[in-house]
Each structure stands twice: as C-alpha cells, then as structure tokens.
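The following exercises are to be worked through with the sequence and the model at hand. Each consists of a task and a solution in steps.

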Amino acid sequence: MDGPPGGSTPITPVIKAGWLDKNPPQGSYIYQKRWVRLDTDHLRYFDSNKDAYSKRFISVACISHVAAIGDQKFEVITNNRTFAFRAESDVERKEWMQALQQAMAEQRARARLSSAYLLGVPGSEQPDRAGSLELRGFKNKLYVAVVGDKVQLYKNLEEYHLGIGITFIDMSVGNVKEVDRRSFDLTTPYRIFSFSADSELEKEQWLEAMQGAIAEALSTSEVAERIWAAAPNRFCADCGAPQPDWASINLCVVICKRCAGEHRGLGAGVSKVRSLKMDRKVWTETLIEALCAAVTTTDLAETQALLGCGAGINCFSGDPEAPTPLALAEQAGQTLQMEFLRNNRTTEVPRLDSMKPLEKHYSVVLPTVSHSGFLYKTASAGKLLQDRRAREEFSRRWCVLGDGVLSYFENERAVTPNGEIRASEIVCLAVPPPDTHGFEHTFEVYTEGERLYLFGLESAEQAHEWVKCIAKAFVPPLAEDLLARDFERLGRLPYKAGLSLQRAQEGWFSLSGSELRAVFPDGPCEEPLQLRKLQELSIQGDSENQVLVLVERRRTLYIQGERRLDFMGWLGAIQKAAASMGDTLSEQQLGDSDIPVIVYRCVDYITQCGLTSEGIYRKCGQTSKTQRLLESLRQDARSVHLKEGEQHVDDVSSALKRFLRDLPDGLFTRAQRLTWLEASEIEDEEEKVSRYRELLVRLPPVNRATVKALISHLYCVQCFSDTNQMNVHNLAIVFGPTLFQTDGQDYKAGRVVEDLINHYVVVFSVDEEELRKQREEITAIVKMRVAGTASGTQHAGDFICTVYLEEKKAETEQHIKIPASMTAEELTLEILDRRNVGIREKDYWTCFEVNEREEAERPLHFAEKVLPILHGLGTDSHLVVKKHQAMEAMLLYLASRVGDTKHGMMKFREDRSLLGLGLPSGGFHDRYFILNSSCLRLYKEVRSHRPEKEWPVKSLKVYLGVKKKLRPPTCWGFTVVHETEKHEKQQWYLCCDTQMELREWFATFLFVQHDGLVWPSEPSRVSRAVPEVRLGSVSLIPLRGSENEMRRSVAAFTADPLSLLRNV
C-alpha cells in the first residue's frame, strides 16, 4: 500500500515500501514486524500497511549513512540514534540500502541549491508555530510543529531538532474545531487528535496556525508556477529563500512567508502583500505579467525607481485630458504600467473642480498633535480581545505621538522605535470600561491592516489625555464635533443612508452610552441615534459581507463591514449599547413613546390573545416558564416575538407583573410613592383626580409614559369583565401591591389603581380621537375572533404569514391567517380571490415553497396542509402562488404511461462538504435509478444487482432546481431531501438530459407519493371565508372566549364606548 486509506495520493512520491523487521529501541533480540515506507523526505514505519499515521518517522536529511550488519540486517544511522532493520533476504536488504542512499544523495543535492538550514535541520522549513501540547493518549506533552500544510508530532524538542518524529498530519484532509477553553480537536477521516494548550490565548494561536495550514493545503500553485517561470522570481527578493509563495503587488517583488510577515507589519500603505497560492482572485493576467516583467523590463524598473525617490503617483501631469501618470499610461496603452501605478495609488485622482467637497479622510490635512510618555502595551492581535489581558502580558514602552505617527520605543533613550502606527491608518479608537484588563485604564487602536493594539495606564487622567491626543491626530476637522464629549468608541466606517443608497460613503461615528453620533461628508452632524429606541437592529449579508441595519422611526442606516476586525468591535459595542443596561425603567430598551419594549411586548400580546381569558392577571403562569420568558425579555426584548401557541397568556401576564414588582425604584418611584397613596384618601373626587394629574406630571418621562400605557391596557381588560371576570376592583387588588411593591395589606395601593382606571380619560387627558382609535383596534380583533368561531374554522394557534402572488415583490405580498386545517389548494384559491384573479380552463395555479439559498422550489400537493410547511420554513424560504407551467405535460404523461414505476440513467451528486470547511466535494456521476411505489433505489450501473442506496419514497421531498455553484451538467435538475428518524436532513442532486425527462421523473414522484392523485379531478372554485387579518399596524391574532360571550362584549363595546367609562 503506497498511500493512506481512502486512495489519497501522497504529496511526495513513494520510493520504496514493504514489510521489514525492526529492532526495538531497548535493543531486544525480538524483532517487530513493521510496514516501512520511504519517500524523498522521510523514512516512516507503521504497525500495518493500512495505517494512515506512522509510529515514527526519520527525516532523510538527518540520516548520516546506511550500513549492513550481518544476515539480512542493516542500520540507518543519524547523529545520535541508530535504527536497525532486517529484510527477508540479502537481495531485499540491498534494494533498501540502495534506495536510502539514493534518497540521501538527492536530499543533499537539493540542500546545496538552497541556502536555508533552519533550526539545525538541513532543508527543513521554518514552522509557522511550534511548541508543547498535551495529546490525549500520550502520558507526556508532545512537541508539535505546524510546517506548511502539515502538522508534525515529536516526543520532545530535542527530537524535533534531530528530525526524528512520531508522525505528521496532512492538513488537506484535516479540520480543527474548539472543544472548550483550552482544548481543540484536529479531525481527519482516519483519526481525531485531541489537543490541550496551557491557556485559551495559546489555544487560539494554535487554531489560527492550523487553519492556515488547511488553507495552504487547499491552495493551488498555478499562479506561483507562472511567476516562478521568470528566473529572478524563484528566490525571495529580501532573504533569498527559494520558491517564495508571497508577493508585494505594489512593489512588484516576490517574497517568502517569513518576509511577508515583515512586509505586512509595514502597513498596507507601504506594501500590499498577497499569497501566490491562496489569493487566486487577486491575480489577474495583467498583474501576473507585471510581476514577471518587473524584473526584465526597463520601463517598469524606471517607474519603480521614480517611486522610490518620492515621485507622486497622483501628481498632476499638466494635461487636463490625462491629469495623472495613470491616465497617461492608459492613453498610451501601457497596460503593465497601468497595473503597477494602480496598485501603488493611495489617493484619488486630482479634481480640476475644486468646489466639490472632499469625500476621503486622507484628502484633508490633519492638525499636528504631539504627546509623549510611558504606556503599557501588549502584542498586537488579529482578532477581538475576548479575554482579560493580565498585567504580565503588558510591556512598558516609551511612546511618542508626532507628525501623524505613534511610535513606541524600548525606553526613553532608544533611537529606533520597536514599531509605529500611522494616524492615517487608524480606523477606530475604543475605550473599554475600567478594570477590563490588568491595568485600570486601557484603550484600543484598530488599523486598516486588521491589527488591534492594546495600551494601558493606571492614571485615569493620563489615559484620557492619550485618548484625546490620538483622536485629534486621526479625526479630520469635518468630524471634530465628535470630540466634544467622551466616547466608548470612535472611528470611520462605510455606510449608506438617506437617499444615497447606490454607493457606500465613509462616515465618522462615535458611541457614547446608548447614543450613536454620526458625521457624514455631505452634511452637518446628524441627530444622534438613540440605540435603545431602535425599531430594528439586525445583521444582513453573509459572514464575508455583513451589514448592520439600524432602523429608527424616521431613518434607516446601513453600516457595512468592510474591515472585519473593527466592524465586529463596533457590532458588539452597538448591540450592547442597544440592550437594556439595568433594572430601572429608563435603562430599558424603549419604544417611540418612551414605553419600555418589555412592557409593550407583554401588553400587546395580552391585548391580542388574552382580553377574554378568564382570570387574566389573577391567575399565575408556570414559574419556570415565566422566569425563562422574563430573562429573555430583559436580555433583549426587541428580538423576542411572542406567539400564541408558544407562550400562554398567564405566563406572559406573570412576567409583566414580576418585572413591574422587581423595579428597584418602582413604577411610581420611591420618592413619590407615599404621596400617591395619600392622594387616594381625598374624599372629593374632582380634587382627587386633579391631585393625580399633578403627581403624574412629576413622574420621570419613562415612568409617566409607562403608567399611561399600563392603565390604558387595564381599562381595555375591564371592558371585557363579563368574559374574563376581571372588573376594575379585581384588577386593582392584583396590581395595587405590584405597582406600589407592598405586601397587599395596605388598601390604599389598590384604591390608586382603581381610581386611575375609573378616571382613565380625565387623568391621562385622553381625547376623543385617541379613544376612537383604541376602540377600533380592539373591536377589529374581537370581531375577527367572533367570525372565526362562528364559521367553525377558528383554532387557537392560527397565525399570520406572508404569501406572494407570482413573484416575491412588496406589491404582490398578501398577509393571510393560516388555520391548522388549511390545505395548499385552499390557500391558493384564497390568494386568487383576494386579488380578483380569475381561473380559466387549464390554468394550474399552485402554491410553491421557494428556497432561495438552494435555488430550488417545490410545488405543494393540493391536499398538503400548509401549517406544517410554514413551521419548517427557513429565513431564506417563502411561499408564492403561481401557475404550474409543467402540470399539463405531466398529467398527459401519467395518462399515457403503463405501470407506476420509472427507471433510467441520471446524473447524481451527494451533498457532502469537505471536512466541514463548506467546500463542495465530488461531482456528478452517472447512476441508474428505479422508482416504484415504495422506494427510490440507486444502482452504480444498469447491470448491478444490489442497490448502492435506497430511500422510502414517502419520506422524500423533491424540489425543482439545483443550485448553480454545484455546476450541474444540465439545467434540468432537481434536489431530493430526506429527513431521517433522528431529524437529520440529507440532500442529493439529480440531473436529467432533457426537460421532458425531468417532467416525467417529477410526475412519477408525485404519482407514487400521493397514491395516483396528482391534481384534483374537480377543483373547488369557492374560496374560504377568511376575514381580513390586519388593521393598520395591528396584527389580528385571535382571542379566546366562546361565541356568545364575545358577541356580548363586542355589542357593549361598540354601541357606546363612553357608557363604559364609570364615574367619569
């Protein structure tokens, strides 16, 4: 066997392999049989020829010589170890010795060509990371090295230097994932390696190194080989290392991985580093030609010399028609010069129209800011700091800010800085809360090169002064208003807003508390966004192109994640600022009317689902469910959407009461609580109401708005007391102790609540228009429930969904209530009736389930229940009613065919991902299929007797279409989804050669799955009487209660609402 299991080909060719007897290290006379494999780099031995990973390996570069020692034996000798082997015969021993000597000679010849003798091992690569790790199954720590696309395991550091290891893992078949704080798994098809690091930070560094090895293993050498074709490009331009696989695209030089790190440290403004093997999209034909021509063409060399001498890339040429060198090169048709100049361009082309506003921050001359002093600094990081940085991780550095550069030195006497941060490259400045890290006061600096620098000080004044000076150094005068107040985060981000949604612009933002301030290039400082009052805070797009959407009542702001590092920092900070900050009312997420979202959510749900629920607010919900609901509401009430069937009204009402009772200062505030209770004892009603009005004005705005919203809600509840048995007195008994946080013994608390409900209109100055709107909304909700109960089709749990007609557009959407009994045919007819669409003969209108992510759709069977489909829909799926264009052809085929089976060849592909990396593997292959009434069988070929796979046909869902990224061989494909008993989904993709063949297969699927009934013989033309389900902004969700009870409530409420205002 010449490779690992699974038929994978080794990276290096095997020179010789076979069985040999090996003498154990202890020198025993008992030899052990081992499978030995020799390639150009290593001699390895295994327990068997089926093992993927060796027991030991010896670097060929470390073998000093090979010698025969008696009958059929020979020794492999290194600097301090000797390995003894025994062959079956002298002839075989001679073959092994010759093979080893040849490999040694070739290795030394390669080493002479290379000047790299790293870590004492000739010809070895410098590791990307090396150190000790615990590995499950080994008593002692192992020394692990990540080298290129391999992970090498050694017993200790000494053996690493000697080139004698245990095994190495090819990362082209590897995947890594976190397990806990210090542990992670390296998974391969043959074994799982479970490692543990000494700290969480070290674990993160190992994960990053191994993920880099995976990326390198999956990279391609096509670009590298083309660039290496030019002889000077075969060696690193900086250190001379052979086969450099990185390049600086603006300097037009190739560099090794080690030097690429140095170039990256210079910043993107100096050197733009790209991989020859991984960044395939970057390497256009022109760029490859430019990199090859730079070492052989004099004109490019001359341009490089001019650039090195300080020539301006964007200097004005004197020709208005070609104002820059780039424009001149384009005019002359010099494509290579254009590519070189384009990659070195750091500012925009000069505009002749000087009246246009400048849009880029670097086009503005920033004021000179100077500051110096000692700071404590950690090593820069490439990701957010999730954990506390200990004091020991900080190093004391002398820092100087001047001429737009922040430099840090070993000490105040040093001349050469350890590093620099240019103010023009700073994109964000963040100030974590005190004591976040080992130093009391810290601040973070984010740069364009996706690096994060953490600085610390003990003195609050000194830290504040540094933050102020750095902010002044990188914020342009356009946004200097943002510096007038303290901030938690300040920086620039691409955004879209207002009417300019075609292209992104760069704006300046500062976050202070729960306010996000913004300065845009085309206008004055914007009014701050109150993050806790947002109507929506969501993240759109994929992981590579995320967009943060902030929706306020009058505006929407889209913030784009162009740079992942600082964007993730902004995202976390904004989400935290938009969440509830504490237990007081003013610290909660607030709605437009300053009502806490948590109160609004509960009141709105009970208004829609519980007005007629007997004992509402008197009955208690389940303690565990109430607690879970309250915790989720307190954490982020904006993202909690209460739905009937998922939450019981008593659980929601208990959560609201618990929230109000637990307020630290109370709804009526600790300072004014006694004054309210004393007012309830005033005997004159007019005087008492007047006193309540005075006290109401004294409450904080949020408390005042919440009191009004709650009393307004309780007023509506008592209007249905005939049904829910909760009159004003009963509500006062429940809410008096809750709102005033008493033990229930003081009757005055209940009297205040009772007075506020009875005098609701006068105390809260409710005008006729406001009362009318409230009456109409409640009436519409109850009427819908009455109509539903009368028709016998109303069920608790009905809910509203959006269905589209013919295509997904805002103008084609319909909001419709879906009861549990509704079928796809009924839904289709209801949508057509609403839009007044007539059904003509041979119009096969059908409801389709459309999956946008899979680029597939499934026509629902006419008798299929819609509600279970809705429960299973993902965020990228929707329902659309449209004509089934192929139904007539499918019915004709079914009418003319004989039997209920189908068989034939199709192209087949499984939905498998390469080791969890999300990369599709494999392709489409010809397979033979047989479909009958019970199952779908797959055979490798027509002559095969045993199927490779078999699926029960009733459990399959068949979607028309195959996503394009799988590159289907034809456009006539369908996707088959199978859900196992463990609710695990499996997918397969099948392609037919013709459209007719696709229709035949799909028709047969429908026929066997639904017992021959593909289309109704006499489709119903009578639509179901489903009432209108929306009124204004209110979602009309049904209420509980019998028909007669609700009819009485509606009659009383709609006849004369003012007659229900008691004692007013």
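Two strands are said to pair if DSSP finds at least two bridges between them. The model examined here is predicted.

**Exercise 1. Determine the strand order of the open sheet of eight strands, and identify its edge strands.**

Step 1. Following the pairings across the sheet gives the order β5-β6-β7-β1-β2-β3-β4-β13, and the pairing is antiparallel.
Step 2. An edge strand pairs on one side only, and this applies to β5 (65-68) and β13 (164-165).
Step 3. Within the sheet, β1 (residues 14-22) and β2 (residues 32-39) form an antiparallel pair over eight bridges. K16 has L38 in β2 as its bridge partner.
Step 4. The side chain of K16 may also be followed: its charged end sits over the ring of W96, 5.4 Å from the ring centre.

**Exercise 2. Describe the surroundings of strand β37 (residues 845-851): are its residues buried or exposed, and which strands pair with β37?**

Step 1. Seven of the seven residues of β37 are buried.
Step 2. Sorting the residues by face shows W845, C847, E849 and N851 on one side, with T846, F848 and V850 on the other; both faces are covered.
Step 3. One partner is β39 (residues 877-883), which pairs with β37 in the antiparallel sense over seven bridges. In this pairing W845 stands opposite K883.
Step 4. Another partner is β38 (residues 856-859), joined to β37 by four bridges, again in the antiparallel sense. Here E849 has R858 as its bridge partner.
Step 5. The hairpin of β37 and β38 has four residues between the strands, and in it E855 adopts a positive phi near 55 degrees.

**Exercise 3. Locate the cavities of 30 Å³ or more and characterise their linings.**

Step 1. A search of the whole structure yields two such cavities.
Step 2. The largest cavity has a volume of about 70 Å³. Its lining consists of T846, P859, L860, H861, F862, H884, M887, L1006, V1014 and W1015. T846, one of these lining residues, is also among the buried residues of β37.
Step 3. By class, this lining of the largest cavity comprises seven nonpolar and three polar residues, with no charged residue.
Step 4. The second largest cavity holds about 30 Å³ of space. Its lining includes R422, L401 and I470. At least two lining residues come from each of β23 (405-409), β24 (419-422) and α10 (460-474).
Step 5. The lining of the second largest cavity divides into eight nonpolar residues, one polar and one charged.

**Exercise 4. Classify the ring pairs Y154 with Y160 and Y715 with Y760: which is stacked and which is edge-to-face?**

Step 1. The count of aromatic pairs comes to 29.
Step 2. For Y154 and Y160 the ring centres are 5.1 Å apart and the planes lie at 80 degrees, so this pair is edge-to-face. Planes over 60 degrees apart fall in that class.
Step 3. Y154 has a relative accessible area of 4% and is buried; Y160, at 7%, is buried as well.
Step 4. For Y715 and Y760 the centres are 5.1 Å apart but the planes lie at 25 degrees, so this pair is stacked. The pair links distant parts of the chain, 45 residues apart: Y715 belongs to α17 (residues 701-718) and Y760 to α21 (residues 760-763). Both Y715 and Y760 are buried.
Step 5. Ring pairs also connect Y154 and Y160 with F57, Y143 and F168 in a cluster.

Methods:
Residues numbered from 1 in each chain as written. Heavy atoms only, no water. 1 Å grid on protein atoms, 1.4 Å probe; cavity = no way out; pocket = protein on both sides within 12 Å on 5 of 7 lines; lining within 4 Å. Points joined across faces, edges and corners; volume = space filled by probe spheres on them. Nonpolar A, V, L, I, M, F, W, Y, C, P; charged D, E, K, R; others polar. Buried < 20%, exposed > 50% of the residue type's maximum accessible area, 1.4 Å probe, protein only. Phe/Tyr/Trp six-rings, centres within 6.5 Å; stacked < 30°, edge-to-face > 60°. Lys NZ or Arg CZ within 6 Å of the ring centre and 35° of its normal.
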